[in-house]
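The exercises below are meant to be worked with the sequence and the model side by side. Try each task before reading the solution that follows.

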Number of protein chains: 2
Amino acid sequence: MSPYKLLSTREVYRTPWLRVREDRVTAPDGSDATFSVVESKPGSTVVAIDAAQRVWLIREYKYGVGRECIEAVSGGIEPGESALDAARRELEEEAGVVASDWLELGHVDPFTAVVASPNYLFVARGLAPGRRQLDATEVIHPFQVNFAEAVDMVLRGDITHSASCLAILKAHLAGVCG
Amino acid sequence: MSPYKLLSTREVYRTPWLRVREDRVTAPDGSDATFSVVESKPGSTVVAIDAAQRVWLIREYKYGVGRECIEAVSGGIEPGESALDAARRELEEEAGVVASDWLELGHVDPFTAVVASPNYLFVARGLAPGRRQLDATEVIHPFQVNFAEAVDMVLRGDITHSASCLAILKAHLAGVCG
């Protein structure tokens, strides 16, 4: 139940991937306030671990933060697609890998005050080769490290993407690698 | 080094808290592409733990996700303010607590593809009463739980705010509560 009473809402920006709306509200103290909310496609993030306990990571220039990042496999959920189906699709497209065993680890909200874009977290095991297929504009470098090293990369700050960090630490604390 | 060549940029939306820009670029394959980037104030998040290993959490309606959330203490960094100073200020304003011992745990990027808004993570120990002081439009309920319970709340999905989740799990794996 929202403590804010909505007075009016307007869309201030929209692309196929992003919508920004501005809500005028009455706050609980009776004053008027304005909230801007960024709506983006929900996403899925996958920690894919092979039989040798090696995890697939992706090195990619991320435009939002303006630098090359190391992350788990992740991407947006298309309309009509489940979070798990998006995770399966992104894993095959980005790393060229399919998986037989899937574990759900809940979701993360990147920035609850401003952004509506939940990201669903998965561990994938039982890996086998699939068919890698990238968008023409994507420059993605998949590679593997030991799972324990991926945990250290989060703790050291070499991985900062929130959903990747959470997926790796939750997988670690769930004991997926013993 | 960006693999994208910037052709033009324009601001499509701005408030005191948020700026959205649209960049036209040439992608590495030679095609034209458009990226929208949401710039928001950087933030700080604090896991404040008292001598009895109890951590301060905040229950608050978060407008972006449209529901009441449980989170660590967090807030935006004001211009000219350091991440640590913002953490100190937010801890006193929201929980009414000051702290003598501070540990930095790096930062998290909420959504690297779209959002530029790093969030800096801290553990605060050596707590003492301060002076609670809220904005008129804030409805914030601070409370305490055992640190081990806060970790379980992240693993169960009761806490989903990315910076709060990371700060709590990083603090746990750093062994701050033994």
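**Exercise 1. Determine what share of the residues in chain A is buried, and describe the chain's secondary structure and extent.**

Solution. Buried residues, meaning those under 20% relative accessible area (exposed is over 50%, partly exposed in between; 1.4 Å probe, protein chains only), make up 49% of the 178 residues in chain A. The model is a predicted one, in which local features need pLDDT of at least 70 and side-chain atom pairs count only at pLDDT 80 or more, while totals for chains, interfaces and linings use all residues. Residues are numbered from 1 along each chain as its sequence is written, chains are lettered from A and ligands numbered from 1 in the order in which they are written, and side-chain values use heavy atoms, with hydrogens and water left out.

Next, take helices (H or I, at least four residues) and strands (E, at least two) as DSSP runs numbered from the N terminus; chain A then has three helices and eleven strands, arranged along the sequence as β-β-β-β-β-β-β-α-β-β-β-β-α-α. The C-alpha trace of chain A spans about 60 × 35 × 30 Å along its principal axes. Finally, with contact meaning heavy atoms within 4.5 Å, residues 24 or more positions apart account for 56% of the contacts in chain A that have a separation of 6 or more.

**Exercise 2. Find the rotation and shift that lay chain B on chain A, and say how the two copies are related.**

Solution. Two copies of a chain are related by a rotation about an axis and a shift along it. Superposing by least squares on the C-alpha atoms of residues with pLDDT of at least 70 in both copies, one lays chain B on chain A with an RMSD of 0.0 Å by a turn of 180° and a shift of 0.0 Å along the axis. The two copies are therefore related as by a two-fold rotation axis. In chain B, the C-alpha nearest this axis belongs to B:Pro110, at 2.3 Å from it. The same surface serves both copies, since 100% of the contact residues of chain B recur in chain A.

**Exercise 3. Characterise the interface between chain B and chain A by its area and its salt bridges.**

Solution. Begin with the area, which is the accessible area (1.4 Å probe) that two parts lose on being put together, summed over both: chain B and chain A bury about 4800 Å² between them, 68% of it on carbon and sulfur atoms. B:Tyr13, B:Tyr63 and B:Thr112 supply 16% of the area that chain B buries against chain A, more than any other three residues. The contact takes 56 residues from each of chain B and chain A.

Then count the salt bridges (a side-chain nitrogen of Lys or Arg within 4 Å of a carboxyl oxygen of Asp or Glu): there are two between the chains, and one of A:Asp109 with B:Arg67 has its closest N and O atoms 2.8 Å apart. On the side of chain B that touches chain A, helix H3 (residues 162–173) of chain B gives the largest share, seven residues.

**Exercise 4. Decide whether A:Ser162 and A:Gln133 are buried or partly exposed, and list what each touches.**

Solution. A:Ser162 lies in helix H3 (residues 162–173) of chain A and is buried, with a relative accessible area of 0%. Not counting residues up to four places away in sequence, A:Ser162 touches A:Pro110, B:Val108, B:Asp109, B:Pro110, B:Ser162 and B:Leu166.

A:Gln133, in the loop between strand E10 (119–129) and strand E11 (140–146) of chain A, is partly exposed at 43% relative accessible area. With the same exclusion of residues up to four places away in sequence, A:Gln133 touches A:Glu92 and A:Glu93.
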